[in-house]
Amino acid sequence: MPLDIAIFGSCVSRDAVGLDPERVVPAHYTARQSWVSAASPAAWAPPIDRLTSPFQRRMLRDDFRSSLFSQIAEHAPSADLVLFDIVDERLGVIEYFPRRFVTLSAELSSSGYLTGDRLLRRRRLHLGDEAHLQKFGEAAEQVKHALLAAEAWHKTLLIRAPYAARSAEGDPLVGDYGDSPSTWDQRYSGYYELLEGLGFPMIAPPEELLFSTRTHRWGPHPIHYQESASRALVDRMVAHYDSIG
């Protein structure tokens, strides 16, 4: 029987879990919700009728509702493994109401809700900002507490997702906003150090396989890994499950 994987992360996790249905299958998927947003109070979700995708609408509503912790409580106990990545932290957050943050996702931008002055007047926190890292650290402690409460800490894994500098075909890659892969890796370093300090078990793709590819379904990008890198992540998921069995 394949392992049921509850995913709380991004396409890095979802792409890997979707590769080998004889070994792993997605039992749940929460995406586009940064931990900073999830740890802030829930707020009213605005109309998002411009989004035609049911998945996108659900992810954006869940982000406004800070659903991460309730979804951990609902889905983590029955999963064989609980898989996280923090790739969506790269998007940063915006202060929607005082002390209430929402992820600056493509879904939020496409919804048309935060436009013009309504967007410009609001406070933003970006990955690597001191305030963002501080709030992320507070959120990470809450995530760990939620996993312990769900009796799922022992079966939790977090993908450390370095940025690939090149595609398998040799093309140089740039990250979001035109910044280099090394810049993004540097921004993330403090976050992974914090998570290591909290004891989050981590896996990562082998360095020798760290490439994107022109044939990736979402196009070449530093975090759109080639299939062999994603399959190596699956190998490490299964090995972790065997070690806790």
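By class, the residues around the largest cavity of this predicted model divide into 6 nonpolar, 4 polar and 4 charged. The lining of this cavity is made by 14 residues, and those that lie nearest its centre are Phe8, Gly9, Gln33, Trp35 and Asp85. Strand 1, which spans residues 3–9, and strand 2 each supply at least two residues of that lining. The space in the largest cavity comes to about 100 Å³, and the structure holds 1 cavity of 30 Å³ or more.

**Two open sheets**

Asp85, one of the residues nearest the centre of the cavity, also has a place in a sheet, where it stands opposite Ile159 in strand 7. Strand 3, residues 81–85, pairs with strand 7 in the parallel sense, and 4 bridges join the two. They belong to an open sheet of 5 strands, whose order is 2-1-3-7-8 and whose pairing is parallel. At the edges of this sheet are strand 2 and strand 8 (202–203), each of which pairs on one side only. Helix 9 lies across strand 1, strand 2, strand 3, strand 7 and strand 8, and its direction runs at about 160 degrees to that of strand 7.

A further open sheet has 3 strands in the order 5-4-6, and here the pairing is antiparallel. Its edge strands are strand 5 and strand 6 (124–125), each pairing on one side only. Packed on this sheet is helix 3, which touches strand 4 and strand 5 and whose direction makes about 160 degrees with that of strand 5. Within the sheet, strand 4 and strand 6 pair in the antiparallel sense over 2 bridges, and Ile94 stands opposite Arg124 in strand 6. In general terms, the strands of a sheet pair through backbone hydrogen bonds, and the sense may be parallel or antiparallel.

**Helix 3 and its surroundings**

Helix 3 has several buried residues, namely Met59, Leu60, Asp62, Asp63 and Phe64. The elements that cover the buried residues of this helix include strand 4 (93–97) and strand 5 (100–103), together with strand 2 (24–31), helix 2 (35–38), helix 4 (68–75) and helix 5. After helix 3 comes Ser66, which has a positive phi, near 50 degrees.

**The pockets**

Helix 3 also takes part in the largest pocket, which has a volume of about 660 Å³. This pocket is lined by 30 residues, and the closest to its centre are Cys11, Asp15, His216, Trp218 and His224. The elements that give two or more residues to this lining are helix 1 (11–17), helix 3 (54–64), helix 5 (106–111) and helix 9 (227–244); the largest share, 3 residues, comes from helix 1.

The second largest pocket has 14 lining residues, of which Arg90, Leu91, Leu104, His126 and Tyr177 lie nearest its centre. Helix 5 and helix 8 (181–198) each supply at least two residues of the lining of this pocket. The table sets out the two pockets.

| Pocket | Volume | Classes of lining residues |
|---|---|---|
| Largest pocket | about 660 Å³ | 10 nonpolar, 11 polar, 9 charged |
| Second largest pocket | about 220 Å³ | 7 nonpolar, 3 polar, 4 charged |

**Two residues in contrasting settings**

Ser13 lies in helix 1, the helix that gives the largest share of the lining of the largest pocket. Because its relative accessible area is 0%, and buried means under 20%, Ser13 counts as buried. When its neighbours within four places in sequence are left aside, Ser13 is in contact with Ile7, Leu83, Phe84, Asp85 and Ile159. Two of these, Asp85 and Ile159, are the residues that stand opposite each other in strand 3 and strand 7.

Gly178, by contrast, lies in the loop between strand 7 (156–159) and helix 8. Its relative accessibility is 55%, and since exposed means over 50%, Gly178 counts as exposed. Between the C-alpha atoms of Gly178 and Gln142 there are 32 Å in space, and the two are 36 residues apart in sequence.

Key. Residues are numbered from 1 along each chain as its sequence is written. This is a predicted model: local features need pLDDT of at least 70, side-chain atom pairs count only at pLDDT 80 or more; totals for chains, interfaces and linings use all residues. Side-chain values use heavy atoms; hydrogens and water are left out. On a 1 Å grid over the protein atoms alone, a cavity is a set of points where a 1.4 Å probe fits but cannot get out, and a pocket is an open set with protein on both sides within 12 Å along at least five of seven lines; lining residues have an atom within 4 Å of a point. Grid points are joined across faces, edges and corners, and a volume is the space filled by probe spheres set on the points. Ala, Val, Leu, Ile, Met, Phe, Trp, Tyr, Cys and Pro count as nonpolar, Asp, Glu, Lys and Arg as charged, and the others, Gly among them, as polar. Buried means under 20% relative accessible area, exposed over 50%, partly exposed in between (1.4 Å probe, protein chains only). Contact means heavy atoms within 4.5 Å. Two strands pair if DSSP finds at least two bridges between them. Axes are lines fitted to C-alpha atoms, for helices over the stretch in contact, and angles run from 0 to 180 degrees between N-to-C directions.
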